[in-house]
Amino acid sequence: MIETGYFQVLAAAALAALAFILAKVKSIPVEKDIAFGSVRAFIQLIAVGYALEFIFKLESLWLITLAVAIMIVVASYTASQRLPKSKRPFAVSLIAITAGSVITLVLMLLLGIITVEARYIIPLSGMIISNAMNGGAVAFDRIGSDLKANRLAVETSLALGKNWREASNRFYRMAIKAGMISILNFLKTVGIVALPGAMTGMILAGASPLDAVLIQLVVGYMLLSAVTITTIISAELAIRQYFNKAEQFTG
Amino acid sequence: MSCQNEIILKVDNVHRAVKKNGTTVNTVDGISYTFNKGTIYNIVGPSGAGKSSFLRLLNRLDDPTLGEIYFHEKLITLYPPTELRKKISMLFQTPYLFEGTVRENLKYCCQHDDKTIAEILSRVGLKPEFADKQAEDISGGERQRVALARALLLNPVILLLDEPTASLDPTLSQSIERLILELTKNFCLTTIIVTHDPDQARRLGGNTLLLVAGRLIESGPTDIVLNNPTTDSARRYLNRELI
Ligand SMILES: Nc1ncnc2c1ncn2[C@@H]1O[C@H](COP(=O)(O)OP(=O)(O)OP(=O)(O)O)[C@@H](O)[C@H]1O
Ligand SMILES: [Mg+2]
């Protein structure tokens, strides 16, 4: 591939224009989203590019931490949309995503897989946090809809003298499984159905495929850990919000 | 019948408010009543009167927004909820069976042995082989009886039944009624049963509580409440709905 510069990006914008025209011709109501999304992606990514350049140059631990914190807050807010307002969704997802990402990152540092350098921490955090966010969001969704649909089942258990945990355990486990489906499918098909982003990027940038694969394996295991931790904590904290101290289902 | 002199449950000025289309309504509106041991209580009243809502307060599936409930002269909030619900067992208006066999459903609370399970099945008019049926393959009436059996296996002191014979034919209904009468007599069980059928209330005897719009408007011995109601709204309801 030719070295990528602003000219190549503008040329690639022709592809976005093609998508726009197709949508317009077929009157699919997404033209606005396409136009807005393309421009938004451009501005967002260029801004992030400059911010990262800045952070990488400074190598300040404070800045790295701040960047990770911002990512976590935005991800928590996004995941929190998937749980009713009354269930303290932001606090729940903030705890879950922070735990999943920080534990995973710290373990990678302790195991000597990475060092405290912006070029490791920032991109890996991005992957970790966005995957953790999706796992948590799916678990929230599942708990909300399952408990609502199975109120009678839950209250039958409670009426038979079971505590809230026993009454909801089935839905707790299903929610965790649902939150992890995506990362589990990823591990199953990685390299066969899709070349993941990190690997594609490295190969495009000229790294040898074997090096790219090794990094991808590290990334895969890392994501598995982060998603599992975040999804379990999300489900655990979310499901508690549906019960009170008197073992009553509060909807 | 000496056990009947003992007070088992006391409900004192109990309210339950819920939000309905933005406004707050009392589905249970200031009910006070004393229940004795070994007695049957029929709860009657029009649809939406708050009968089910009232039952849910007694085993703490919900808490009153105002008022107190005492079980054995102790506030029900002082018992661990899981223990209270085993002593005050409830059969829902639309019973739910868990996925799996009838046996698994009956073992759900306390892992009873197969002999006990066969026994309880026969008491609700089902054959022992019935235990191996899949819960999703049985009829509405069978479902109701399995759920009743499951509630009885908790060995409760008070049994809360929300229209337990609604989907049963007259013969089966009456066999369930006989079972309730027998448990009341032999084990001094207290039964609080919601029913739409005045004849059922008469057959069960005991006392009857008439609820209208969340209020207890009439209560006393079943015959008196059903035949000589004292209030106008009770008479109206009994003429239109029950008789
Ligand atoms: N969780 C709730 N939220 C809002 N309204 C409720 C709730 N539960 C019950 N209600 C309302 O409270 C009223 C009483 O309901 P309840 O089910 O107790 O009546 P019922 O006497 O058992 O009626 P039925 O004979 O039809 O079973 C109804 O108007 C119902 O719509
Ligand atoms: Mg009802």
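Reader: Across which strands of chain B does helix α5 (residues 140-152) lie, and at what angle does this helix run to β6(B)?

Author: Helices (H or I, at least four residues) and strands (E, at least two) are DSSP runs, numbered from the N terminus. Angles run from 0 to 180 degrees between N-to-C directions of lines fitted to C-alpha atoms, for helices over the stretch in contact. Here α5 of chain B lies across β6 and β7 (158-162) of that chain, and its direction makes about 175° with that of β6(B). The model is predicted: local features need pLDDT of at least 70 and side-chain atom pairs 80 or more, while totals for chains, interfaces and linings use all residues. Residues are numbered from 1 along each chain as written, chains are lettered from A and ligands numbered from 1 in written order, and side-chain values use heavy atoms, without hydrogens and water.

Reader: In what order do the strands of the open sheet with six strands stand?

Author: Two strands pair if DSSP finds at least two bridges between them. In chain B the order is β6-β7-β8-β3-β9-β10, with mixed pairing. At the edges stand β6 (88-91) and β10 (215-221) of chain B, each paired on one side only. Neighbouring strands are turned by 15° against each other on average, direction ignored. Within this sheet, β3 (residues 40-44) and β9 (residues 207-212) of chain B run parallel and are joined by four bridges; B:Ile43 faces B:Leu209 of β9(B) across this pairing. On the antiparallel side, six bridges link β9(B) with β10(B), and B:Val212 has B:Arg215 as its bridge partner in β10(B). The hairpin of these two strands has two residues between them, and B:Ala213 takes a positive phi near 50° there.

Reader: What is the pairing in the sheet of four strands, and in which order do the strands stand?

Author: That open sheet of chain B reads β2-β1-β4-β5 and is antiparallel. The edge strands β2 (23-36) and β5 (74-75) of chain B each have a single partner strand, so one side of each lacks a neighbour in the sheet. In the interior pairing, β1 (residues 7-20) and β4 (residues 66-71) of chain B share five bridges, with B:Leu9 opposite B:Phe71 in β4(B). Helix α1 (residues 51-58) of chain B packs on this sheet, touching β1, β2 and β4 of chain B at about 60° to β2(B).

Reader: How many residues of each chain are in contact?

Author: Contact means heavy atoms within 4.5 Å. By that criterion, 18 residues of chain B meet 17 residues of chain A. The size of an interface is often given as the accessible area lost when the parts come together. Summed over both parts, with a 1.4 Å probe, chain B and chain A bury about 1,700 Å², 56% of it on carbon and sulfur atoms. In chain B, the residues losing the most area to chain A are B:Arg85, B:Tyr96 and B:Tyr108, together 32% of what that side buries. Chain A itself has nine helices and zero strands.

Reader: Which residues line the largest cavity?

Author: A cavity is a set of points on a 1 Å grid where a 1.4 Å probe fits but cannot get out; lining residues have an atom within 4 Å of a point. One cavity of 30 Å³ or more is counted, and the largest cavity has a volume, as filled by probe spheres, of about 80 Å³. Its lining draws on both chains, including A:Thr156, A:Leu160, B:Met90, B:Phe92, B:Tyr96 and B:Arg150. Two or more residues each come from α6 (151-159) of chain A and from β6 and α5 of chain B, and α5(B) gives the most, with three.

Methods. On a 1 Å grid over the protein atoms alone, a cavity is a set of points where a 1.4 Å probe fits but cannot get out, and a pocket is an open set with protein on both sides within 12 Å along at least five of seven lines; lining residues have an atom within 4 Å of a point. Buried area is the accessible area (1.4 Å probe) that two parts lose on being put together, summed over both.
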